Number of protein chains: 2
Amino acid sequence: MRTSAPPALEDDVVRRLEESGFRTTPQRAHVYRTLLEKRDHPTAEDVFIRAKRTMPDISMATVYNCLDALVQSNLVRLVSHDRGATRYCPNMKRHHHFYCDRCGGAFDIDEGPSMSRPRLDIPDGFQPDRYEIVVRGLCPDCAARAVKLHA
Amino acid sequence: MRTSAPPALEDDVVRRLEESGFRTTPQRAHVYRTLLEKRDHPTAEDVFIRAKRTMPDISMATVYNCLDALVQSNLVRLVSHDRGATRYCPNMKRHHHFYCDRCGGAFDIDEGPSMSRPRLDIPDGFQPDRYEIVVRGLCPDCAARAVKLHA
DNA sequence: CTATATGCAAATAGTTTGCCTGTTA
DNA sequence: TAACAGGCAAACTATTTGCATATAG
């Protein structure tokens, strides 16, 4: 057993980026930290605005570059469920998503302890790597609003 | 029991559109028929090009309008899994999707007979309506190509 | 007859690219 | 110091909108 402190988040990021052939740059680390800060599935532009607060010279193109590098390094998931802008999610624990039909919001759904791996008949030749369950319907806010309209 | 022939596809389309408050127009029916013709998850532009072959005056804006009306009428599903253009799928039978990490292709996965509904802990307040399982990995073509590269 | 849909063109959002400079390993 | 990354602005792609005309109910 190692006696030193657990590796800092930073170390992990560096390692993952390097494993995928990316250099570690202040921008990439900063974009990642920005995502961790508020896990609300921000768009690239949201990330840009937030990242700019403490790194004013960062550019939109760099944000896209960083997000791509993080996605390819398996540090961030790309979330895209409607015609709107792509969203990004730094939660790499196995989890699922709920998408609201009305407001378009995306919400993480943790995997319950009793959850069994679904059995799907995936045709020959496909090489599945991972899966997620996508649930759609109304989020709490929109559901509450829908009830009001019917009152 | 009705003695006449089962309702034509058209009748069903008309009913669904009307139930959702849409008028039935030749363009909407045509876009729907175009989608049914080749179930390969085309983009709006693909649909536009195909639809134009037999309805040369149809416009891109109308294709978007029609696709929206069909989606809202539950005749078509919108499929969006990367930063590329949104794709459309007229298969409303319960089914799932496989997305290829390499080529970005989307494939329908039928639900096997032994499939049990997955149990998710959806927090209070959410009003789930439907779900789908999304599997990612390599499609047969890309998997075969990956093997070759390692040979 | 009237609300709604179409077609066109222009506008906007989202994302990518080229090019030159700066930085990482 | 060489290959890679950043910044900026322009290009591009996907989608939406405004408006005049046409059409479904």
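Student: How far is a phosphate oxygen of DNA strand C from an N or O atom in the side chain of Thr62(B)?
Tutor: This is a predicted model: local features need pLDDT of at least 70, side-chain atom pairs count only at pLDDT 80 or more, and totals for chains, interfaces and linings use all residues. Residues are numbered from 1 along each chain as its sequence is written, chains are lettered from A and ligands numbered from 1 in the order written, and side-chain values use heavy atoms, without hydrogens and water. A polar contact here is a pair of N or O atoms within 3.5 Å. For the Thr62(B) side chain and a phosphate oxygen of DNA strand C, the distance is 2.8 Å.

Student: Which residue has a polar side-chain atom 3.0 Å from a base oxygen of DNA strand C?
Tutor: Start with the backbone of Ser59(B): one of its N or O atoms lies 3.4 Å from a phosphate oxygen of DNA strand C. That is a phosphate partner, not a base. The base oxygen at 3.0 Å is approached by Arg23(A).

Student: Which helix gives the largest share of the surface near DNA strand C?
Tutor: A residue is near a strand if one of its heavy atoms lies within 4 Å of it. Helices are DSSP runs (H or I, at least four residues), numbered from the N terminus. H4 (60-72) of chain A, with H2 (26-37) and H4 (60-72) of chain B, each supply at least two residues. The largest share, four residues, comes from H4(B).

Student: What share of the atoms of DNA strand D within 4 Å of the protein belongs to sugar or phosphate?
Tutor: Two side chains reach phosphate oxygens of DNA strand D at 2.9 Å: Thr25(A) and Arg83(A). Arg23(A) instead places a polar side-chain atom 3.2 Å from a base nitrogen of that strand. Bases make up the rest of these atoms, and the sugar or phosphate share is 83%.

Student: What rotation superposes chain B on chain A?
Tutor: Superposition is by least squares on C-alpha atoms of residues with pLDDT of at least 70 in both copies. The shift along the axis is 0.0 Å and the RMSD 0.1 Å, at a rotation of 180°. That is the relation of a two-fold axis, 180°.

Student: Which residue of chain B comes closest to the rotation axis?
Tutor: Look at the largest nonpolar core (buried nonpolar residues, under 20% relative accessible area with a 1.4 Å probe, joined through side-chain atoms within 4.5 Å). It has 27 residues, and Ile133(A) and Ile133(B) have the most contacts inside it. The C-alpha 2.3 Å from the axis belongs to Ile133(B).

Terms used:
Polar contact = N/O pair within 3.5 Å; in protein donor to acceptor, adjacent residues only side chain to side chain. Buried < 20%, exposed > 50% of the residue type's maximum accessible area, 1.4 Å probe, protein only.
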